[in-house]
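Q: Please take a close look at one helix of this model and describe its surroundings. I should also like to see how the neighbouring core and the salt bridges are arranged.

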Amino acid sequence: MSGKPRMKGRGSTIAPANRFEQTHREDDFEQLAPDEPVAGDTNLPTQYLPDDSQTIVVENDSPDIGFRYSVNCYRGCSHGCSYCYARPGHEYLGLNAGIDFESKIFVKHRAPELFRAWLARDRWVPETIMFSGVTDCYQPAERRYRLTRGCLEVACEARQPIGMVTKNALVVRDVDVLAEMAAHRTTLVSISITTLDAELARTMEPRTSSPEARLRAIRELTDAGIPTTVLVAPIIPGLNDTEVPAILQAAAEAGALKASFVLLRLPLTVRPVFLDWLVRTQPLRAARVEALIRSTRGGELSDGKFGSRMRGKGPYAEQIGATFRVFAAKHGLDRPTPELDASQFRPPRAASGQRRFF
């Protein structure tokens, strides 16, 4: 037995130092006997904590992101993806980007109410709002709290255009609302698929849907008339990049309209979490994977520059991009997606029931 804790169903077993804190606790297991049990070798329960945010819509101006506004009903994500770029956000809460991020989930219980108030504002000029701009809107917490569904019901009432990205097949639970929105051309769903290898997915993304379930979700959404695309993200050099042709073929056969990709990014405290996961779960490939990642980032593990941070640079990154484009074209996944229609927007009735004067 290793002297390091093994937490079932978690992508991270470490608590990297919070860059905003002056003190940090380090676990030291070297003094333990090889067969001595370690605290943490059992299931770590997920805690759901209240988030009293007073607004639900966030605005960004990044030129690398194709949306201006986003909604996130949860902070943290129990999917536990080792590579998740949202992990450093937990440091603003005095927590860590490792195990805290996936076991301490903050829930915005008033999300539908706040979303209704936002859309009812006189100054709101309707344009597409993205669900899951940061953490997954269909993470396991959604099964219990149904906040994403509540927000969708508000959007459906207002005919507010909504884009969505998720890697959880739970999205099909809301096919009734999404189908009604699709009939008014006000929704587009993107399913994220990183691998078709169920075992790799289980270790890399431990608490989300299997690759088979995600492909099934694409099929069910498409059959219901909901425009659906596939996002291959992240592509990890040396780990899942060779799967791109197979993923695109499977997505096309399931009915996806278009495909896009993002190269692995390891900003800030995502780096130690991912590298720890890589050595722990892929020991024979770890050195090569890290070397290939660096080859796409100018020798570094991450690149924060606009224009290159999503795609990388160098011969290996160019090869990944070229392969993706060739097979996307082959399978008809390079077509433009339907434009969402904001012209039908009608402000929702305020939670108080007060009607507008004009």
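A: In helix H2, Ala-111, Pro-112, Leu-114, Phe-115, Arg-116, Trp-118 and Leu-119 are buried, where buried means under 20% relative accessible area, exposed over 50% and partly exposed in between (1.4 Å probe, protein chains only). The helix spans residues 111-119 and is mostly covered, with seven of its nine residues buried. Helices (H or I, at least four residues) and strands (E, at least two) are DSSP runs, numbered from the N terminus. This is a predicted model, in which local features need pLDDT of at least 70 and side-chain atom pairs count only at pLDDT 80 or more, while totals for chains, interfaces and linings use all residues. Residues are numbered from 1 along each chain as its sequence is written, and side-chain values use heavy atoms, with hydrogens and water left out.

The buried residues of H2 pack against strands S2 (57-59), S3 (69-71), S6 (129-131) and S7 (162-166), and against helix H4 (147-158); contact here means heavy atoms within 4.5 Å.

Phe-115 of H2 also belongs to the largest nonpolar core, where Phe-115, Ile-129 and Phe-131 touch the most other members among 64 residues. Such a core is a set of buried Ala, Val, Leu, Ile, Met, Phe, Trp, Tyr and Cys residues joined through side-chain atoms within 4.5 Å. Its largest share, seven residues, comes from H4. Ile-129 touches Phe-115, Trp-118 and Leu-119, and its other contacts include Tyr-69, Val-71, Trp-124 and Ile-162. Another core, of 20 residues, lies apart from the largest one and includes Cys-81, Met-204, Leu-278 and Leu-301. In soluble globular proteins, nonpolar side chains tend to be buried together.

Charged side chains add a further set of links. A salt bridge is a side-chain nitrogen of Lys or Arg within 4 Å of a carboxyl oxygen of Asp or Glu, and by this rule the count comes to 20. One of them joins Glu-142 and Arg-173 (2.7 Å, N to O). Glu-142 lies in helix H3 (residues 141-145) and Arg-173 in the loop between S7 and helix H5 (175-183), so the pair ties together parts that are 31 residues apart in sequence. Glu-142 is buried, at a relative accessible area of 0%, whereas Arg-173 is partly exposed at 24%. Arg-173 also forms a salt bridge with Asp-174 (2.9 Å, N to O), and Asp-174 is buried, with a relative accessible area of 0%. Shared partners join Glu-142, Arg-149, Glu-153, Arg-173, Asp-174 and Asp-176 into one salt-bridge network.

Conventions
Lists of a residue's contacts leave out its neighbours within four places in sequence.
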